[in-house]
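Reader: I am new to this structure and would like to understand how its features get their names. Could you take me through the reasoning step by step?

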Amino acid sequence: QVRLVESGGGLVQAGGSLRLSCAAFGRTFSKQAMGWFRQAPGKDREFVATISGSGQGTYYADSVKGRFTISRDNAKNTVYLQMNSLESDDTAVYYCAQGISPNRDVGAYTDWGQGTQVTVSS
């Protein structure tokens, strides 16, 4: 059992940047893969990025590759999502999740945060 708390969302203009954070409590963080997903109104929750427990393996959705960077600081039990060159299509609620191994599927993750809103204005 783990509690995940996202932060860092907000309103930003297109072309701008945001850095999301997700702090984990109650589980051995370094043993777990972490993922970022997002959900826009009327859309399914979609994969954004994931990172292995060690931080050495990272994977991205094609839509964000080259713009977003996932990273983690295991000493702080925190995973980050640096978002650059934001576009209006990036507007969504962003969720962090924890699982056994990196995965693009929503169903592979066992624990989820409550989400943080990211709004990109055109």
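**How the features earn their names**

Author: A search of the whole structure finds four aromatic pairs, where rings of Phe, Tyr and Trp (its six-membered ring) pair if their centres lie within 6.5 Å, and planes under 30 degrees apart count as stacked, over 60 as edge-to-face and the rest as tilted. This is a predicted model, in which local features need pLDDT of at least 70 and side-chain atom pairs count only at pLDDT 80 or more, while totals for chains, interfaces and linings use all residues. Residues are numbered from 1 along each chain as its sequence is written, and side-chain values use heavy atoms, with hydrogens and water left out.

Reader: What makes Phe 37 and Tyr 109 an aromatic pair, and why is it called edge-to-face?

Author: The ring centres of Phe 37 and Tyr 109 are 5.1 Å apart, which is within the 6.5 Å limit, and the 75° between their planes is over 60, so the pair is edge-to-face. Phe 37 belongs to strand 4 (residues 33-39) and Tyr 109 to strand 10 (residues 109-112), so the pair ties together parts that are 72 residues apart in sequence; strands here are DSSP runs (E, at least two residues), numbered from the N terminus.

Reader: Why is the pair of Tyr 109 and Trp 112 called edge-to-face?

Author: The planes of Tyr 109 and Trp 112 stand at 65° and their centres are 6.1 Å apart, so this pair is edge-to-face as well. Ring pairs link Phe 37, Phe 47, Tyr 109 and Trp 112 into a cluster.

Reader: How do you know whether Phe 37, Tyr 109 and Trp 112 are buried or exposed?

Author: Buried means under 20% relative accessible area, exposed over 50%, and partly exposed in between, with a 1.4 Å probe and protein chains only. Phe 37, at 0%, therefore counts as buried, and Tyr 109, at 5%, counts as buried too, whereas Trp 112, at 24%, is partly exposed.

Reader: How do you know that Cys 22 and Cys 96 form a disulfide?

Author: A disulfide is a covalent bond between the sulfur atoms of two cysteines. The rule asks for a pair of cysteine sulfur atoms within 2.5 Å, and the sulfur atoms of Cys 22 and Cys 96 are 1.9 Å apart, so the pair qualifies. The count by this rule comes to one disulfide. The pair links distant parts of the chain, with Cys 22 in strand 3 and Cys 96 in strand 9 (residues 92-99), 74 residues apart, and both cysteines are buried.

Reader: What makes strand 3 and strand 8 a pair?

Author: Two strands pair if DSSP finds at least two bridges between them, and six bridges join strand 3 (residues 18-25) to strand 8 (residues 78-83), which run antiparallel; Cys 22 stands opposite Val 79 in strand 8. Four strands form an open sheet in the order 1-3-8-7, with antiparallel pairing, and its edge strands are strand 1 (3-7) and strand 7 (68-73), each of which pairs on one side only.

Reader: What makes the charged end of Arg 19 sit over the ring of Tyr 80?

Author: A charge sits over a ring if NZ of Lys or CZ of Arg is within 6 Å of the ring centre and within 35 degrees of the ring normal. The charged end of Arg 19 is 4.0 Å from the centre of the Tyr 80 ring, and that of Arg 3 sits over the ring of Phe 25, 4.5 Å from its centre.
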